[in-house]
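Please look over the structure shown here before reading the notes on it.

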Amino acid sequence: MGTAPTLAVWKFASCDGCQLSLLDCEDELLAIAGRIRIAHFPEASRATVEGPYDVSLVEGSVTTPGDVARIHRIREQSRLLVAIGACATAGGIQALRNFADADQFRSVVYARPEYLSTLDTSTPASAHVPVDLELHGCPIDRRQLVDTLTALLAGRKPDLPGHSVCFECKARGTTCITVARGVPCLGPVTRAGCGALCPAYGRGCFGCFGPAAVTNTPALVDRLRELDMTETDIGRVFRTFNVLAFAGGGDDPSQ
Amino acid sequence: MSTLLRSLGPLVRALHGQGYRVVGPTVRDGAIVLAELDRADALPYGWGVEAAPGRYRLHRRADAAAFGHAAGPQSWKAFLHPPRSPQWTADRTADGFTVTEAPPDSTRYAFLGVRGCDLRAIAVQDRVLGGADGGYARRRRELFIVAVSCTEPADTCFCASTGCGPAAGPGYDLGLTELVDGDRVRYLVEVGTPAGLELLTQLPTEPAPVDLVEEAAAAVAAAATKMSRALPEGDLRDLLAGSHDAARWDDVAARCLSCGNCTMVCPTCFCTTVEDVTDVAGEHAERWLRWDSCFDLDFSYLHGGPVRTSTRSRYRQWLTHKLGTWHDQFGESGCVGCGRCIAWCPVGIDITEETRALVTEAEEA
Ligand code: SF4
Ligand code: SF4
Ligand code: SF4
């Protein structure tokens, strides 16, 4: 085998939770660190190696003019660019600003808004540059992250299903909480990958992995209404982690 | 000749004594699920179920029946054809790699409480998965089946129209009918196989009085008349083959979520995909088989992209295979009338209603 492949981890507008998921892979991380060279990962180490990089993990959304320039630079220097988390794949919670007046936020939140250089929108990496792989979730699932890194090392396809959370609910033997208890759940329109965590603990899926490869959100919304969810709550649940993605709809591309 | 059993305790103990892992219905998380039972007390005595499209609720019964309920959220395929099963592993060696087949699963299951619909569903999956000497065939060979005829179908059941129930059989080792009288439950036992007879001889039984035999037969026969749903009888191949361009597919596609729940709960759906796992060190690889569904966009992924991109085409594929081309492939229907896909569809899409709508559309054409 030649020299170890290099991995860089980049942060944009985000809470760092996804990078922490990487640090959280304690057992695997030692083994991963033995097979790749971590070239840039400020959460873990100050040492930085110049590009190009074999794999770049990008966390966070693009929210400033500086971010736009930086995501292009990262793309140029990376063989594979992997967007991780709801921010990098869908703009994150901060994409709520896309539906509001950013100037107003600026003037309310900051004492000297004129020092601020920010865009009116929060957008995913894919809105600016081609992205090779996307790991969804808020935060990402550490099992999926490790699987993706090992897949890239082995040269195989990572296991990133596009189907609904319901698949994973059934596979782990969870009784559907919508059918058996009338609990509203976004599982049928949400991308799998979390292992159907929330329904297993009796709570409805709130869509943190964003839309599945195909969704029929209007039909689910009708059902949520039948389950006595208010219009406000319905609006809110779709506008939490993946507001842009659900708003854009992942509906059938064609017949 | 019929035999009477006054309690299921000795039956469960005898099965354990023969080394079986006994799986049967039990109450968990607001449903009657199938799980390993360590004793007969774990059966859902006194629990009933109310099922409707997209809805399932447990309730307390006035009597102590253990089988006063219809199909729950899982089917027995979760055990015979589990959601994820190992195929083989590969390990790097000095001059290449070695491949090792997954060790044979030596689990010996005894299923307690298999209904007529599910007994037929097991036979349907046998034709699909039982041929090769894989894990399914091994588990199936070892399986002991205690069937229970139905006396109280759910609102979602329609096995009478598919010819699979409410009487269970053939295919069981022992067949029971539950006779309930308030807090007293007794079981009429029929023997299906020599293994069943051998087990029965270990149990404290008594000959069944004729009036009880007649009572049981009448209760099972009455169950058939209690079903409000039905599939059009017979072979639906022509209907489905002629419905390729039906407008009804657009109608159902507007409601269907493509979530895949119907195929996961269906006791005959068998499709799988493979999942490859590698370790970080690059020394070890594993291949697993896991459930897949024709509602998954990637399921029809061929070179360049998926073939069935619309929900219309995916739902049509599901129904056409289940009721139509299943006959061409396996010589029977893929639907046994258990009603699970109706109850466990989050939006309550009803296979009998969709089929009836296709019949109407074909008649009007
Ligand atoms: S609980 Fe939610 S995710 Fe699970 S099967 Fe039901 S609707 Fe789907
Ligand atoms: S299609 Fe529906 S009713 Fe028929 S066997 Fe499958 S789950 Fe049961
Ligand atoms: S028919 Fe129901 S359970 Fe099946 S994919 Fe459509 S919405 Fe899901």
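The notes below cover a ligand site, a helix and a sheet.

This is a predicted model, in which local features need pLDDT of at least 70 and side-chain atom pairs count only at pLDDT 80 or more, while totals for chains, interfaces and linings use all residues. Residues are numbered from 1 along each chain as its sequence is written, chains are lettered from A and ligands numbered from 1 in the order in which they are written, and side-chain values use heavy atoms, without hydrogens and water.

**Ligand 1**
- Residues from chains A and B surround ligand 1 (a heavy atom within 4 Å), so the site is shared between chains.
- The surrounding residues include A:Cys166, A:Cys169, A:Cys176, A:Cys185 and B:Asn261.
- Helix H7 (165-171) of chain A gives the largest share of this shell, four residues.

**Helix H10 of chain A**
- Helices (H or I, at least four residues) and strands (E, at least two) are DSSP runs, numbered from the N terminus.
- In H10(A), residues 217-226, the buried residues (under 20% relative accessible area, 1.4 Å probe, protein chains only) include A:Leu220 and A:Leu224.
- The buried residues of H10(A) pack against H8 and H11 of chain A and H9 of chain B (contact: heavy atoms within 4.5 Å).

**Sheet of chain B**
- An open sheet of eight strands has mixed pairing (at least two DSSP bridges between two strands) and the order E3-E2-E8-E9-E10-E11-E1-E12.
- Its edge strands, E3 and E12 of chain B, each pair on one side only.
- E2(B) and E3(B) pair in the antiparallel sense over six bridges, and B:Val27 stands opposite B:Ile32 in E3(B).

Methods: Buried means under 20% relative accessible area, exposed over 50%, partly exposed in between (1.4 Å probe, protein chains only).
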